Amino acid sequence: MAQDFMHGEIDKKWQDWWEKEKIFHVTEDPSKQKFYVLDMFPYPSGAGLHVGHPLGYIATDVVARFKKMQGFNVLHPMGFDAFGLPAEQYAIQTGKHPAETTKENIARYKQQMKKIGLVYDWDREVITSDPKYYKWTQWIFLKMYKSWYNKKTDKAEPIETLVGHLEKHGTEGLDAWTSGWEISELTPEQWQNMTLAEKEEFLMHFRLAFLDEAEVNWCPALGTVLANEEVVWDEEKGLVSERGGFPVERRPLKQWFLRITAYAERLLKGLEEIDWRESIKEMQRHWIGKSEGALINFPIENRSESIKVFTTRPDTIFGVTFMVLAPEHPLALEITTEDRKKEVEEFINRIKNQPEIERLSEKDMKGIFTGAYAIHPFTGEKLPIWLGDYVLMHYGTGAIMAVPGHDKRDWKFAKKYGLPIKKVIDAPGVDVEKEAYEEKEGVLVNSDFLNGLTVPEAIEKAIQEIEKRGLGKRHIQYRMRDFLFSRQRYWGEPIPIVYRNIDGKWIPFPVDESQLPIELPYMEDFKPTGSPEPPLARLKDWVELPDGSRRETNTMPGWAGSNWYYLRYMDPHNDQLPVSPEKERYWGPVDLYVGGAEHATAHLIYARFVNKFLKDIGIVTHEEPFQKLFNQGMIQGQTHFIWVDWDEKKAYSSGKVESLPEEVRKRLLKVRFPIKYVDQHGNVDLSRIEEMKREFVQFKDLEFIPDDDGIFRFAEKAIEKMSKSYLNVLNPDDVIEQYGADAFRVYEMFLGPLDEHKPWDTRGIMGAYRFVRNIWNWYVDKEGKPILTDEQPTEEELKIIHKAIDRVTRDIESLAMNTAISTLMTTFNEIKRLGTHKKSILEPFLKLLSPFAPHIAEEIWHLWGNKDSIFNAPWPQAEEKYLKEDTVEYPVAINGKKRFVLQLPTSWSREQIEEFVLNHEKTKKYTEGKEIKKIIVVPGKIVNIVVK
């Protein structure tokens with residue numbers, strides 16, 4: 001690199017200038033078309049960013065700069081997801097308060113982002129743990145608490161409208177979402193005669209934020225309840241927390257929930273309106289799990305109760321041979337006969353502690369007969385009622401009609417316990433004694449009025465008959481469950497609820513909105529209590545209020561603040577609303593949202609749900625929050641292994657191993673080596689070995705023995721996820737210090753398709769480094785003066801630059817960053833080949849380069865005498881006349897086999913092409929002595945000559 005080009009100085013110069021001049025500060029401007037580009041904001045950990053993290057951030061930075069130059073009013077904000085379990089755990093480990101560690105970590109992240117050259121409108125920064133922000137997270141919770149879902153209007157409405165209906169009509173004509181709770185008949189008089197406590201208990205079945213007792217995932221080590229998305233199944237340990245791998249147990253607990261199930265259908269329909277990858281949409285569809293079928297009542301012999309079953313296959317109603325209830329079903333023990341009660345009770349206690357994932361695995365189904373019988377609603381046949389571990393209470397109704405002939409789970413259960421199997425669908429080769437036939441093809445047999453019908457016909461006929469006879473009704477069921485919204489930990493938003501003692505019951509009430517935010521009090525000791533009682537419960541002065549009421553001591557989950565942060569960026573300083581509808585109308589929805597695919601069924605669906613609710617109450621105007629979603633891939637680390645003999649405290653280069661005695665070779669172990677100390681040739685950097693030993697003390701006593709040529713070669717290399725424990729994490733600060741921010745940005749974008757996983761290789765960045773260096777040397781002389789002429793460009797030069805403009809523009813629009821870089825590299829080589837320093841060529845090329853390498857572009861732009869930023873200059877436009885090719889490449893084939901290639905004018909007719917090809921000397925060579933039967937010309941593609 002030229003002596004006068006110091007990337008470190010130039011990087012800092014323009015990073016400071018962009019910040020000072022607020023180049024990306026924006027306000028609403030109706031005269032301009034807006035473009036809102038958003039990153040999934042980071043959770044600031046103590047480790048800071050590694051080179052894999054900025055991939056998506058650099059891509060959105062490229063898009064933001066590009067769109068700004070195209071004349072858009074670009075909103076490109078950044079903030080931090082700062083509440084939640086990881087920050088609390090980190091604080092416990094370091095002995096610092098999470099408020100302190102979070103502040104430090106955010107400062108570190110912002111410093112690293114600045115070094116990469118990422119420009120954001122920092123005036124719009126949001127931090128979810130800031131009381132000014134979480135005031136509105138609490139406000140949204142209160143609005144949900146004060147709302148119910150009216151199925152008639154298909155939207156959330158204030159709870160007062162529900163109360164008004166109950167006062168006038170009772171429950172008559174009420175069509176509300178209750179997450180499966182049966183609305184009992186209630187007259188206006190009965191409602192009026194209820195006590196306050198009874199009314200509040202009744203309304204809790206309708207509120208969109210509600211309190212309920214549920215079986216939850218309790219993690220003693222973390223001291224909190226975890227959502228289903230936060231636990232995983234470990235073959236050895238069973239159910240464990242996703243973070244840390246700590247044991248998790250199921251236990252009943254009073255918890256706050258959000259009634260997302262009310263929005264299931266709207267969440268499904270909305271997927272058709274947005275530009276997301278189909279695989280992500282499908283994950284959400286599966287997670288929502290819409291099923292259409294029927295609810296059927298099966299009377300219980302000698303009892304007034306009946307078992308309600310939801311089935312998607314009412315066509316198989318005549319194939320039912322037994323019933324199965326979930327062990328948790330409220331009727332399970334009640335219907336059990338006295339002689340079987342002890343065994344059934346033991347079975348229930350044993351099964352209820354099993355994790356759900358194990359019960360669904362079907363490896364070893366367990367069941368027990370209750371001694372009771374249900375009555376088949378059509379035939380009157382007695383059906384034995386069993387309990388089975390494969391039936392879950394929250395799936396459907398917690399009860400199934402078992403059709404072993406046509407359901408593989410029922411078939412396995414029936415075979416294990418010797419229960420009858422009946423065929424009701426006939427198709428070629430069907431033998432239900434050998435296996436269940438689950439296909440929806442064939443005709444109904446042994447099925448009374450359904451006989452002879454196809455499966456689709458039988459499903460519809462069965463539902464009609466069920467409704468006609470009053471045995472049940474047509475029904476739509478969703479797999480999704482309401483969101484668990486409370487956590488038994490400290491570092492989170494306080495839930496704005498207080499409890500008042502009414503008639504001996506502690507009844508929840510919302511705090512007055514004027515009291516928001518309910519600030520999280522400072523605690524010295526915020527460690528988990530070891531029981532479901534949250535840490536905040538220890539603060540008696542905070543919990544117990546002067547009027548005798550008590551605060552809620554659970555806090556919100558880590559994702560509470562990330563559900564709506566994209567809205568706050570639009571209006572970050574509004575102290576009246578989370579966002580003004582006018583500003584949301586201008587900025588919304590997000591035009592491009594970039595982040596990891598791992599958030600498909602957590603953050604992304606939560607945010608869509610909250611957005612729809614806020615639309616219902618008039619805060620936002622758009623039904624969907626994110627119009628286009630792009631999931632970036634992962635940059636993987638290259639792990640390096642060395643051979644180590646721990647007994648002798650020696651590390652051997654791979655070339656030395658074969659010459660070692662066998663007893664030494666047996667002791668050798670492959671040990672991960674820190675990538676930070678790998679040299680540019682991909683070997684151990686022996687010049688820094690003492691520095692490495694000081695940083696990684698596990699190696700401090702090792703003697704490193706290189707090969708005879710003085711090089712220490714690795715035993716093995718592997719591509720793995722970047723992880724501190726794998727020693728393959730690189731700090732972007734170190735890379736940028738050595739190669740510069742522009743080379744770092746160019747390399748990350750050039751690595752491969754943005755949505756694919758790709759390995760980092762420090763040696764590869766040398767190509768990006770040389771590219772940036774060569775551009776500088778082409779544009780600037782040794783004295784630091786620009787090399788530029790005002791000569792008129794040639795036709796060839798104009799074609800080269802306009803083709804580059806066209807390709808780079810299209811590639812950035814489609815986020816094909818790697819091919820955009822490739823085009824820039826190819827174009828620059830062409831510019832050098834032609835030896836041009838003409839402003840009419842170098843200026844548009846510099847603009848094309850600027851989103852990727854903004855520091856060098858800004859420096860050169862100002863060396864030319866410009867005072868404003870290059871990013872306020874217009875993006876170059878490709879002229880169509882320079883994009884047209886004068887010639888086209890024609891492969892010429894003889895009997896379908898390619899023989900040679902010709903460049904022919906694009907304007908030639910088919911006849912002119914035929915004449916030229918047939919008279920060409922190469923054609924004559926390949927057809928000599930043969931009869932030409934015909935010539936086939938595919939314009940713009942190929943010529944094929946058929947000979948005999």
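This report describes the fold, two sheets, selected helices and the aromatic contacts of a predicted model.

## Overall architecture

The protein chain of this predicted model contains 31 helices and 34 strands. Its C-alpha trace spans about 100 × 85 × 80 Å along the principal axes. Of the 948 residues in the chain, 54% are buried. Among contacts between residues at least 6 apart in sequence, 70% join residues at least 24 apart.

## The antiparallel sheet 6-5-9-19

An open sheet is formed by four strands in the order 6-5-9-19, with antiparallel pairing. Its edges are strand 6 (224-226) and strand 19 (483-484); each has a single partner strand, so one side of each is left without a neighbour in the sheet.

Strand 5 (residues 209-219) pairs with strand 6 in the antiparallel sense, over three bridges. Within this part of the sheet, Trp218 stands opposite Val225 of strand 6. Helix 5 (residues 131-145) lies across strand 5 and strand 9 (249-258), and runs at about 90 degrees to strand 9.

## The mixed sheet 32-31-34-33

A second set of four strands forms an open sheet in the order 32-31-34-33, and here the pairing is mixed. Strand 32 (897-905) and strand 33 (932-938) occupy the edges; since each has a single partner strand, one side of each is left without a neighbour in the sheet. Neighbouring strands of this sheet are turned against each other by 20 degrees on average, direction ignored.

Six bridges connect strand 33 with strand 34 (residues 942-947) in the antiparallel sense. Val938 stands opposite Ile942, a residue of strand 34. Helix 30 (residues 910-919) lies across strand 31 (887-894), strand 32, strand 33 and strand 34, and runs at about 130 degrees to strand 33.

## Strands 12 and 15, and the setting of Phe413

Strand 12 (residues 322-325) and strand 15 run antiparallel and are joined by four bridges. Met323 stands opposite Met401 in strand 15. From strand 15 (residues 399-402), Ala399 and Met401 point one way, while Ile400 and Ala402 point the other way; all are buried.

Phe413 belongs to helix 14 (residues 408-417). Its relative accessibility is 0%, so Phe413 counts as buried. Leaving aside residues up to four places away in sequence, Phe413 touches Phe322, Val324, Met365, Lys366, Gly367, Trp386, Leu387, Gly388, Tyr390 and Leu419. Tyr390 is 23 residues from Phe413 along the chain, and the C-alpha atoms of the two are separated by 9.2 Å.

## Helix 19

Helix 19 (residues 603-616) has 14 residues and reaches 20 Å from its first C-alpha to its last, close to the 20 Å expected at 1.5 Å a residue. The helix is mostly covered, with 13 of its 14 residues buried. Just after helix 19, Gly618 takes a positive phi of about 85 degrees.

## Aromatic pairs and charges over rings

A pair of aromatic rings is described by the distance of the centres and the angle of the planes. The model has 60 aromatic pairs. In one of them, Tyr586 and Trp587 meet edge-to-face, at 4.7 Å centre to centre and with 80 degrees between the planes. Tyr586 has a relative accessible area of 17% and is therefore buried; Trp587 is also buried, at 0%. The rings of Phe704 and Phe712 have their centres 5.5 Å apart and their planes at 55 degrees, so this pair is tilted. Both Phe704 and Phe712 are buried.

Ring pairs also link Phe141, Tyr145, Tyr149, Trp256, Tyr263, Trp287, Phe483, Phe485, Trp559, Tyr606 and Phe609 into a cluster. Lysine residues lie over the faces of two further rings: Lys68 is over Phe24, at 5.4 Å from the ring centre, and Lys382 is over Tyr373, at 4.6 Å from the ring centre.

Conventions. Residues are numbered from 1 along each chain as its sequence is written. This is a predicted model: local features need pLDDT of at least 70, side-chain atom pairs count only at pLDDT 80 or more; totals for chains, interfaces and linings use all residues. Side-chain values use heavy atoms; hydrogens and water are left out. Two strands pair if DSSP finds at least two bridges between them. Helices (H or I, at least four residues) and strands (E, at least two) are DSSP runs, numbered from the N terminus. Contact means heavy atoms within 4.5 Å. Axes are lines fitted to C-alpha atoms, for helices over the stretch in contact, and angles run from 0 to 180 degrees between N-to-C directions. Rings of Phe, Tyr and Trp (its six-membered ring) pair if their centres lie within 6.5 Å; planes under 30 degrees apart count as stacked, over 60 as edge-to-face and the rest as tilted. Buried means under 20% relative accessible area, exposed over 50%, partly exposed in between (1.4 Å probe, protein chains only). A charge sits over a ring if NZ of Lys or CZ of Arg is within 6 Å of the ring centre and within 35 degrees of the ring normal. The expected span of a helix is 1.5 Å times one less than its number of residues.
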